[in-house]
Amino acid sequence: TTCLLAAGILICASGNEMTLIIGAFLAGSLTIYNLWSKHVVLVGAMNMGLCRALSLLLGAAFAGFVTAPAIVAACITMFYITAVTHLARFETKTGAPFPAKLLPLLALIAGLVVFPAWQPHVNPVTFFAFFALALAACAAVTLRLTRARDASLPPFIGAFIRGLLFIQAAFCAGSNTGWLGGAAALLLLALVPISRIVGRRFYAS
């Protein structure tokens with residue numbers, strides 16, 4: 001693990017100063033999570049969300065697009081994964097609190113409101129169209145979860161995590177990079193049925 005972490009930082013150093021900085025913070029966040037915070041209520045969930053956010057920003061840094069929309073996209077991802085990770089705390093319990101079941105969907109709704117769609121690096125039409133798919137997918141999982149009583153939680157956690165494909169597709173489609181962003185968005189959507197098939201055996205929880 002240490003060797004892989006060091007290799008990752010070296011790859012980040014081959015990019016630019018921003019990739020090295022973000023890569024170092026990501027490596028630190030991963031280390032803190034594995035050694036300590038995953039055992040701490042809420043702190044561990046926030047730490048996991050931060051890791052996902054930094055991962056998104058790392059890609060943006062390599063592409064040279066650490067812009068306001070990219071930063072907000074990272075924040076949306078962070079709060080969504082924080083909510084999902086918090087919900088996962090109740091996997092081994094008899095049930096999860098109702099507010100915890102709603103948090104992932106609420107995080108996406110809040111993200112839709114604050115996303116700076118007016119920025120020059122954003123195509124608002126494609127962003128909102130694809131983000132609507134993300135909201136619909138998350139809402140469907142939330143509805144099933146709230147209706148199910150004493151149901152096994154891991155399959156729902158896996159479904160929420162697979163929802164990242166829709167969320168990331170929206171960010172790619174709305175990136176205003178022409179066919180490149182659109183192709184990446186469509187590729188991510190094409191992975192959804194594959195992830196569902198794999199998810200029947202591995203919950204990704």
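This report walks through a predicted model, starting with its largest pocket and moving on to a few helices, loops and single residues.

**The largest pocket**

Let's begin with the open space. The largest pocket has a volume of about 710 Å³. Its lining is made up of 25 residues, and those nearest the centre are L56, A60, F171, C172 and S175. Four helices each give two or more residues to that lining: α3 (43–63), α4 (68–88), α8 (164–173) and α9 (179–199). Of the elements involved, α3 gives the most, with six residues. As for chemistry, the lining splits into 14 nonpolar residues, 10 polar ones and one charged residue.

**Helix α6 and its start**

Next up is α6, which runs over residues 124–147. How far apart should the ends of its 24 residues be? At 1.5 Å a residue, the helix should span 34 Å, and its end C-alpha atoms are indeed 34 Å apart, so the two values agree.

Quite a list of residues in α6 is buried: F127, F130, F131, A134, L135, A137, C138, V141, T142 and L145. These buried residues pack against α4, α5 (98–114), α7 (154–162), α8 and α9.

The N-terminal end of α6 has a cap, and N123 provides it: a side-chain oxygen of N123 sits 3.2 Å from the backbone nitrogen of V125. V125 itself belongs to α6. Is V125 buried or exposed? Its relative accessibility is 63%, and the cut-off for exposed is over 50%, so V125 counts as exposed. V125 also has a partner from elsewhere in the chain: G174 is 49 residues away in sequence, yet the two C-alpha atoms are 7.5 Å apart in space.

**Helix α7 and the loop after it**

In α7, the buried residues are P154, F156, I157, G158, A159 and F160. What covers them? The cover includes α4, α5, α6 and α8.

Between α7 and α8 there is a loop, and G163 is found there. With a relative accessible area of 11%, G163 is buried. G163 also pairs up in space with A134: the two are 29 residues apart in sequence, with 6.6 Å between their C-alpha atoms. A134 is one of the buried residues of α6.

**Two buried residues in helix α2**

Now to the other part of the chain, and helix α2 (residues 17–35), where T19 lies. T19 has a relative accessibility of 0%, so it counts as buried. A polar atom of the T19 side chain lies 2.7 Å from the backbone oxygen of N16. Setting aside residues up to four places away in sequence, T19 touches C12, L58, A61 and F62.

G23 is in helix α2 too, and at 5% relative accessibility G23 counts as buried. Leaving out neighbours within four places in sequence, G23 is in contact with C12 and L58. G23 and L58 are 35 residues apart in sequence, with their C-alpha atoms 6.6 Å apart.

**H86 and the two positive phi angles**

H86 lies in helix α4. Its relative accessible area is 15%, so H86 is buried. Which residues does H86 contact, apart from neighbours within four places in sequence? They are L42, A45, A100 and L103.

L42 deserves a look of its own. Most residues other than glycine have a negative phi. L42, though not a glycine, has a positive phi of about 70°. L42 is located in the loop between α2 and α3, and it is partly exposed, with a relative accessible area of 45%.

N176 is another non-glycine residue with a positive phi, near 60°. N176 lies in the loop between α8 and α9. At 42% relative accessibility, N176 counts as partly exposed.

**Side by side**

Here are the single residues from above with their relative accessibilities.

| Residue | Relative accessibility | Class |
|---|---|---|
| T19 | 0% | buried |
| G23 | 5% | buried |
| G163 | 11% | buried |
| H86 | 15% | buried |
| N176 | 42% | partly exposed |
| L42 | 45% | partly exposed |
| V125 | 63% | exposed |

How values were computed: Residues are numbered from 1 along each chain as its sequence is written. This is a predicted model: local features need pLDDT of at least 70, side-chain atom pairs count only at pLDDT 80 or more; totals for chains, interfaces and linings use all residues. Side-chain values use heavy atoms; hydrogens and water are left out. On a 1 Å grid over the protein atoms alone, a cavity is a set of points where a 1.4 Å probe fits but cannot get out, and a pocket is an open set with protein on both sides within 12 Å along at least five of seven lines; lining residues have an atom within 4 Å of a point. Grid points are joined across faces, edges and corners, and a volume is the space filled by probe spheres set on the points. Ala, Val, Leu, Ile, Met, Phe, Trp, Tyr, Cys and Pro count as nonpolar, Asp, Glu, Lys and Arg as charged, and the others, Gly among them, as polar. Buried means under 20% relative accessible area, exposed over 50%, partly exposed in between (1.4 Å probe, protein chains only). Contact means heavy atoms within 4.5 Å. The expected span of a helix is 1.5 Å times one less than its number of residues. A polar contact is a pair of N or O atoms within 3.5 Å; within protein, one must be able to donate a hydrogen and the other to accept it, and residues adjacent in sequence count only if both atoms are side-chain atoms.
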